[in-house]
Structure formats: structure tokens, C-alpha cells
Amino acid sequence: MAPKVIPRDAHPVSRKLISENALKVLYRLQSHGHEAYLVGGGVRDILLGQQPKDFDIATSAKPEEVHALFKNSRLIGRRFKLVHILFGRDMIEVATFRGQANAESGKGSHHQSDEGMLLRDNVYGSVDEDAIRRDFTVNALYYNANDFCVYDFVDGLSDIADRKLRLIGDPETRYREDPVRMLRAVRFAAKLDFDIEERTRAPIFELADLLENIAPARLFDEVIKLFMSGHGVRIFESCRSFGIYASLFPEVDHTLNKSEHSACYLRFIHAALNNTDRRIAADKPVTPAFLYASMLWPEVHRRWQSNMAQGMNEFPAMQAAIQPTLSHQLRHISIPKRFSLQMKEIWEFQVRLTRTKGRRPHELVQHPRFRAAYDFLVLREQAGEPTNSLGAWWTSFQEKHPAPAKAPRNRSHDKPPARRRRRRPPQRPSNQ
Ligand code: ATP
Ligand code: MG
């Protein structure tokens with residue numbers, strides 16, 4: 001397939017806009033006789049006048065060959081083999097050109113489930129075959145750092161100009177191969193402010209429940225990418241309307257549709273995501289524990305209230321609400337223990353914060369989870385949940401009793417943002 005070739009003077013991708021590390025990798029691969037291109041978000045974002053989040057490289061070199069060329073690299077992924085090349089905190093992801101997924105080809109390994117899901121995609125091919133294995137046309141533009149041209153095999157440039165997100169090939173087949181592409185569609189549409197092209201949009205509602213077949217560990221990372229992208233509110237809305245949310249958080253979705261408090265619960269999730277979006281815009285860190293604690297609050301709250309209505313005391317009622325909420329959710333999304341423990345603390349703290357007599361408040365503010373729990377309480381109040389102005393009480397308590405200047409900083413809410421990677425159980429966000 002002959003690509004459109006756009007010469008240097010007809011596009012804005014220049015080496016100045018590409019990280020030195022990515023250029024180093026491109027040149028080293030090429031000087032060893034391999035083809036190598038910058039591809040994906042790196043090219044797309046530069047064409048859109050945005051700063052790329054990271055740089056991805058596609059090459060004719062096999063993963064083992066790439067690994068052998070770079071001391072600072074590691075092979076990752078089984079379903080989709082890749083090489084990560086590390087330069088201090090920076091990482092360049094190198095993928096070998098994928099070929100036509102054809103069981104008879106005998107090249108590499110390719111494996112599909114009965115539903116058409118790609119369980120392994122390690123058949124290698126040429127750059128034009130690689131282009132049509134990518135997800136969206138705008139993600140399949142290749143920049144060659146040798147001739148400075150952009151290669152367009154799938155009319156990605158015209159979709160960039162029209163601000164359209166278009167899946168390559170037959171959308172239903174492509175979603176069946178990898179249902180996570182539905183999540184990527186809503187994420188990129190929000191991030192780039194693009195429309196999802198009609199044929200790409202049409203099958204999502206029907207196919208959203210295929211997300212239930214995705215490994216819970218992969219979904220944990222993908223959900224973080226969705227809601228810690230800086231566009232959480234918009235993504236939440238489109239996930240709900242596409243029926244995607246029901247596959248990710250089935251119990252919460254049910255409660256949001258059915259509960260007498262659903263308006264308040266929706267306001268709470270909006271407030272939490274708004275808060276996250278604002279923190280990201282201000283370059284402040286956000287934590288998966290706070291995000292998941294917020295997402296699951298409608299369920300925890302519903303069970304908590306119902307346990308108390310049956311006569312349980314506040315604290316045991318909360319504990320008895322947390323346990324089944326987590327265990328049901330973990331069937332869909334595996335939340336690592338270090339985060340679920342923090343979530344539990346944030347929720348339990350909602351009861352502990354009602355103890356405002358004597359020395360108690362002075363002790364509670366010292367607790368590592370106080371800050372996150374207090375922020376959480378304020379969001380509940382913003383959403384209109386009746387709390388007896390407890391949040392306002394804690395705000396004024398902290399004003400009257402400021403933390404001593406030298407006290408260690410409370411870092412419970414200050415975690416580095418999740419790194420967003422792709423197609424593998426991505427790197428877990430750090431808990432440090
Ligand atoms: P960003 O990094 O800004 O979130 P990106 O497009 O670079 O966006 P990555 O997850 O880094 O996304 O993936 C790099 C490229 O790999 C994509 O642009 C796309 O071409 C391809 N890709 C990633 N995931 C998939 C997938 N599930 N199916 C097909 N192609 C994919
Ligand atoms: Mg990328």
C-alpha cells in the first residue's frame with residue numbers, strides 16, 4: 001500500500017519538538033540497518049500543535065534485536081511484546097511492526113478467542129501492515145527522522161484536519177479484537193476534543209459489555225487513564241451514555257440509575273472528577289485511591305445507610321458496607337491492595353470525622369489519611385449530602401489549629417500522577 005508522503009516543508013513535525021531520547025533511539029535503530037519511525041501520540045499531538053505526553057517508536061527490528069541494541073532496555077508484555085528503553089525517568093516505547101493477523105502465516109504468534117478478541121498479537125510485518133493494525137487513523141502517522149517526511153497510510157491527516165476520530169478497518173471487528181479500543185475512543189475524543197466518526201461510534205453501545213472480558217488488572221490501568229486524563233467529567237458522561245460505565249462499575253451504575261439519592265450521587269462523582277480535572281490542570285498530583293474511593297462512594301453510602309437502617313451502629317455499618325462493595329468491584333477491576341487499603345481508610349474516616357469532641361480532632365488531623373478524608377467530606381457536602389456541616393466544622397478547626405510549621409507534610413493526597421502507557425498491564429502508578 002503506497003502511503004501519502006508529506007515532505008518536511010509541508011508539515012510541522014520538526015526534530016526540535018521531539019525528545020532527544022526518542023531521536024537517539026530512532027538514529028541508533030536506523031544506523032543498524034532497521035527502519036524506525038516516530039508514531040502514535042508523539043506525531044499526532046505535534047500535528048495538533050500540542051505537547052506530546054510521550055514518544056512511541058515503531059521499527060522493523062524484532063523486540064530481541066532492539067533489546068540487544070540498548071543496554072538500558074527491557075522486554076515487556078506477552079500479549080503484545082514491546083521494548084521499553086529507559087533514560088532516567090523518561091521512557092521510550094519501541095514496538096516492532098505488526099503484520100496481518102493471519103493464523104496461517106506461521107510468522108510469530110497470534111491468537112484469538114472465540115469472540116474475536118486478540119489474546120496475543122505478536123505477528124511481525126512491514127510498516128504498511130503495521131499502520132492498519134493501529135487503532136485510530138490519527139494514531140497511525142509515521143515520521144521518519146531520516147528524510148523528515150510524514151507517511152500517511154490511512155488518511156490520518158485529513159481526519160486530523162477534520163478533528164475526527166476514526167477507527168481503522170471495520171469498527172466492530174476492531175472492537176471485538178480489543179474492546180479497550182472503546183475506552184481509547186472516548187478518552188481521545190475528550191482529550192483531543194474530536195468527534196467520534198459515525199461508523200466508529202455506532203457499534204460502541206452494542207459492544208460495551210465486551211469490556212467485561214478484559215483482564216481486571218488491565219482495566220485498573222485503563223480506568224486510571226480515563227479518569228486521570230484531565231477530562232474526567234466529560235469522559236464519565238460519555239462512558240455513561242455509551243453503556244461503558246455499566247461494564248466497568250456495574251453496581252455503581254445500577255445505583256446511579258435506581259437510587260432515590262441518584263441525583264446527589266451523580267453530583268458527588270461530578271464534584272470529585274471536577275476536582276481531579278482541576279488538580280491535573282494545576283499540575284497537582286492525584287491518587288488512584290481517591291479516584292476509586294469517589295467512584296465507589298454511591299455503593300458504599302447506599303449499603304452504609306441501609307445497614308444503619310437495620311439497626312447497626314455507624315462504624316460497623318460502614319465496615320459492613322465496604323467489604324461487599326470492594327469484593328464485587330474487584331471482579332471487574334483489580335484494585336491493588338495498597339490502594340484499596342487507603343480507600344477503606346478514606347471511607348472509615350467519614351465516620352471518624354464525626355467525632356469532634358475533646359482531644360479527638362487533634363489526633364485525627366495528625367493521621368496520614370486525614371487530608372484525603374477531609375477533601376472527600378467536603379466533596380460530599382458540595383454534592384448536597386446532609387452532613388450537618390461537618391466539613392465546614394473541620395475547615396474552621398484547621399484554621400483555628402494550624403499544623404505546626406515543622407510538622408512532616410501530610411502526603412496522603414499527594415501522589416505522582418499515574419503514568420499512562422499502553423497495551424500491556426501498564427506500569428502501576430507509584431504509591432510512594
Ligand atoms: P497518549 O500516549 O498520548 O495517550 P498514544 O496514541 O500515543 O496516546 P499509546 O497508548 O501511547 O497512545 O499508544 C501508542 C500507539 O500505539 C497508538 O497511537 C496506537 O497507534 C497504538 N495502539 C495503542 N494501543 C492500541 C490498541 N489497543 N489497539 C491498536 N493500536 C494501539
Ligand atoms: Mg503514547
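This report walks through a predicted model, from its metal site to its cores, helices and loops.

## The magnesium site

A magnesium ion (ligand 2) has two protein donors, D54 and D56. Each offers an OD atom, and the donors lie 2.3 Å from the ion. Both D54 and D56 are buried.

## The nonpolar cores

The largest nonpolar core holds 103 residues. Those with the most contacts inside it are L29, F227, I244, F249, Y292 and W347. Helix α7, residues 180-192, gives the most to this core, with 9 residues. In soluble globular proteins, nonpolar side chains tend to be buried together.

F227 shows what such contacts look like. Leaving aside residues up to four places away in sequence, F227 touches G232, I235, F236, F249, L273, T276, L291 and M295. A second core stands separate and has 13 residues. Among them are Y142, C149, V154 and I168.

## Helix α1

Helix α1 covers residues 20-31, 12 residues in total. From its first C-alpha to its last it reaches 16 Å, close to the 16 Å expected at 1.5 Å a residue. Its buried residues are N21, A22, L23, V25, L26, L29 and Q30. L29 also appears among the residues with the most contacts inside the largest core.

What do the buried residues of α1 pack against? The partners are strands β2 (36-39), β3 (56-59), β5 (82-87) and β6 (90-96), together with helix α3 (63-69). After α1 comes G33, with a positive phi near 85 degrees.

## Helices α10 and α11

Helix α10 runs over residues 216-227. Its 12 residues should span 16 Å at 1.5 Å a residue, and its end C-alpha atoms are indeed 16 Å apart. Of those 12 residues, 10 are buried, so α10 is largely enclosed by the rest of the structure. The buried set is R218, L219, F220, D221, E222, V223, I224, K225, L226 and F227. Charged residues such as R218 and D221 are thus listed as buried beside L219 and F220. The cover over these buried residues includes α7, α11, α12 (244-248), α14, α15 (288-295) and α18 (337-352).

Helix α11 spans residues 232-242. Here G232, I235, F236, S238, C239 and F242 are buried. Of these, G232, I235 and F236 are also touched by F227. Just after α11, G243 takes a positive phi of about 80 degrees.

## Cysteines

How many disulfides does the model have? The count comes to 0. C149 is buried, with a relative accessible area of 12%. C239 is buried as well, at 0%. C149 belongs to the second core, while C239 sits in α11.

## Two loop residues

Is S259 buried or exposed? At 16% relative accessibility, S259 counts as buried, because the cut-off is under 20%. S259 lies in the loop between α13 (250-258) and α14 (262-281). Its side chain reaches the backbone nitrogen of H261 at 2.7 Å. S259 also touches H254 and Y265, not counting residues up to four places away in sequence.

Q51 sits in another loop, between α2 (41-47) and β3. At 71% relative accessibility, Q51 counts as exposed, because that value is over 50%. Q51 and I18 are 33 residues apart in sequence. In space, their C-alpha atoms are 9.5 Å apart.

How values were computed:
Residues numbered from 1 in each chain as written. Chains lettered and ligands numbered in written order. Predicted model: local features only at pLDDT ≥ 70, side-chain atom pairs only at ≥ 80, totals over all residues. Heavy atoms only, no water. Donors = N, O, S within 2.8 Å, 3.2 Å for Na, K, Ca; no water. Buried < 20%, exposed > 50% of the residue type's maximum accessible area, 1.4 Å probe, protein only. Core = buried A, V, L, I, M, F, W, Y, C linked by side-chain atoms within 4.5 Å. Helix = DSSP H or I, 4+ residues; strand = E, 2+ residues; numbered from the N terminus. Contact = heavy atoms within 4.5 Å. Expected span 1.5 Å × (residues − 1). Polar contact = N/O pair within 3.5 Å; in protein donor to acceptor, adjacent residues only side chain to side chain. Disulfide = S-S within 2.5 Å.
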